[in-house]
Structures are given as structure tokens and as C-alpha cells.
Amino acid sequence: MTFKLSVAIVLALELCMQIPDADAAQGAAARNSAQAAPCCGPVSPAGMHILKVLDDSNVESLWLDGRHINWETGEPDKPADYVGPETKSHCSAYVAAIGERLGVYVLRPPQHSQELLANAQTAWFDSTQGAEAGWHKVDTPEQAQTLANQGTLVVVSYRSADPHRPGHIGIVRPDARRTQTEIDTDGVWMSQAGETNYLRVAEKTAFKHHPGAWPDGVRYFAHEVAAGPGS
């Protein structure tokens with residue numbers, strides 16, 4: 001075998017070995033590009049209707065922690081110095097109120113008191129009664145965001161392992177810009193009442209007071225919403 005032929009064979013072998021590396025690099029670039037792009041579709045007119053209901057709720061000024069409130073309106077209904085039950089954070093009352101405004105039943109007073117209601121709601125969504133009321137489980141945050149964008153009411157909830165401690169619950173906000181990377185890092189966008197009320201907050205922050213909740217302990221549930229105005 002001549003020297004030139006040996007060199008040619010070596011170069012050919014090196015080129016063959018480099019092709020998989022090039023393919024892998026192209027695949028990684030494609031995955032990175034997909035993760036940086038919006039993941040969950042546009043916000044439909046029905047999704048915009050849900051956004052309007054959330055944005056009009058004035059959640060950052062109502063359903064405030066430390067006050068006894070009317071669950072439907074979020075307005076205080078007892079004096080500021082009242083220290084009895086049902087004064088802690090009102091995440092579950094807020095979700096029930098938004099459900100009512102969208103024509104969707106969520107477990108609420110008088111069927112259950114406001115005490116530990118988020119735990120009870122999470123169990124109820126996953127029960128026969130919840131299914132009969134139209135609720136179903138959603139497997140992933142990406143699916144939850146997609147359904148919310150399409151105009152489905154989607155909640156994110158956590159049931160405390162200690163039945164005497166509160167869980168937490170909020171509503172997925174439709175958002176056409178959320179990317180896969182953002183969902184992996186911080187979760188979906190939510191509207192919530194709680195220790196701090198937010199019109200728009202990342203899921204990771206929303207559940208920060210509940211160790212073990214996000215990301216592995218939360219659950220997603222969805223319910224169809226009747227067409228809103230302009231849908």
C-alpha cells in the first residue's frame with residue numbers, strides 16, 4: 001500500500017467519525033431552538049376571555065391574607081381586628097370565585113368551609129364528584145399552558161401531606177410567549193391569592209411557601225369554559 005493511499009484511508013476514516021458529531025451538534029441546536037421558542041400555541045379568543053376575567057378580578061387588592069372575606073368578592077366582611085377562623089390566605093376562595101365568574105363549579109362554601117379548602121379542592125378535582133362536574137387531570141405543565149391558551153380553565157394545586165396544614169392553588173394564565181425553557185425553569189404563569197397575591201406570577205414562586213410542592217408535588221386539572229363574549 002502506497003503512502004498516499006494510506007493517508008487517504010486515514011482521512012476518510014476520520015471524516016466518517018466526524019459525521020455523527022456534526023449530526024449530534026445539529027440535533028442539539030434544533031432542540032435548543034425549540035426550547036427557546038414559544039411552546040404552547042397562541043391565545044385564542046376564549047383564552048383572552050379568561051385573561052380578562054383574571055385581570056378584572058383585582059386580586060392584588062382583594063382576598064387578602066389576614067382578613068375574613070366574602071369568598072365570591074374577596075371583600076372583607078368582618079372588622080379588621082377579627083381574629084377568628086377563615087382569616088388565613090384565600091387562594092382557594094379566589095379560585096372558586098373565578099370559576100363562578102366563568103360558569104364553572106369549583107368546590108366552595110357552603111359545601112366546604114374556607115378552612116383548608118385548597119386541600120379539599122385538590123382531592124375533589126381528582127374524585128368521581130369532580131369528574132362528574134367536568135374536571136379532568138392534565139399530565140404536564142406544557143399541556144396545562146396549551147389548554148389555558150385555548151380557553152380552558154386550568155388550575156395548579158397542591159394538597160399538603162399534613163391534613164392539618166393548608167395546601168395551595170392558583171389559575172394558569174394564558175400566555176402565548178411562554179417557552180419550554182421558561183416552563184422547565186419556573187413553571188407556568190399563574191394568577192393567585194395567598195400569603196402574597198399576584199395577578200401574574202411564575203409557578204415556582206407561587207409555591208415557594210410549600211416545600212415539596214413545585215415541581216413534583218403539584219397537580220393540574222382542567223374544565224371546559226362556555227364561550228365568552230366575542231368568542
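In this predicted model, Lys-52 and Asp-56 are both exposed, and the two residues form a salt bridge in which the closest N and O atoms are 2.5 Å apart. A second pairing involves Asp-55, whose side chain meets that of Arg-173 in a salt bridge with an N to O distance of 3.0 Å. Because Arg-173 lies in the loop between β3 and α7 (180–186), whereas Asp-55 belongs to helix α2 (residues 45–55), this pair ties together parts of the chain that are 118 residues apart in sequence. The two partners fall into separate accessibility classes: Arg-173, at 9% relative accessibility, counts as buried, while Asp-55, with a relative accessible area of 39%, is partly exposed.

A further salt bridge is formed by Asp-175 and Arg-177, for which the closest N and O atoms are 3.7 Å apart, a separation that satisfies the criterion of a side-chain nitrogen within 4 Å of a carboxyl oxygen. Asp-175 is counted as buried because its relative accessibility is 7%, and Arg-177 is counted as exposed because its value is 60%. Asp-175 and Arg-177 are also linked with Arg-200 in a network of salt bridges. By the rule applied here, the count of salt bridges comes to six.

The strands of the model include six that form an open sheet in the order β1-β6-β2-β3-β4-β5, with antiparallel pairing. Its edges are occupied by β1 (136–138) and β5 (198–202), each of which pairs on one side only. On average, and with direction ignored, neighbouring strands of the sheet are turned by 40° against each other. Towards the β5 edge, strand β4 (residues 189–192) and β5 pair in the antiparallel sense over three bridges, and the bridge partner of Gln-192 in β5 is Tyr-198.

Helices α3 and α6 both pack on this sheet. Helix α3 touches β2, β3 and β4, and the direction of α3 makes about 35° with that of β3. Helix α6 (residues 141–150) is in contact with β1, β2, β3, β4 and β6, and the direction of α6 makes about 120° with that of β1.

Helix α4 (residues 117–125) is mostly covered, with eight of its nine residues buried. The buried positions are Leu-117, Ala-118, Asn-119, Ala-120, Gln-121, Thr-122, Trp-124 and Phe-125. The elements that cover these residues include the helices α3 (91–101) and α5 (128–132), together with the strands β2 (153–158), β3 (168–172) and β6 (219–223). Thus α3, which touches β2, β3 and β4 of the sheet, is also among the elements that cover the buried residues of α4.

Within helix α5, which contributes to the cover of α4, attention may be given to Ala-131, a residue found in that helix. Ala-131 counts as partly exposed because its relative accessibility is 48%, a value that lies under the 50% limit above which a residue is classed as exposed. The C-alpha atoms of Ala-131 and His-223 are separated by 9.5 Å, although the two residues are 92 residues apart along the chain.

Note on methods:
Residues numbered from 1 in each chain as written. Predicted model: local features only at pLDDT ≥ 70, side-chain atom pairs only at ≥ 80, totals over all residues. Heavy atoms only, no water. Buried < 20%, exposed > 50% of the residue type's maximum accessible area, 1.4 Å probe, protein only. Helix = DSSP H or I, 4+ residues; strand = E, 2+ residues; numbered from the N terminus. Contact = heavy atoms within 4.5 Å. Pairing = 2+ DSSP bridges. Axes fitted to C-alpha atoms, helices over the stretch in contact; angles between N-to-C directions.
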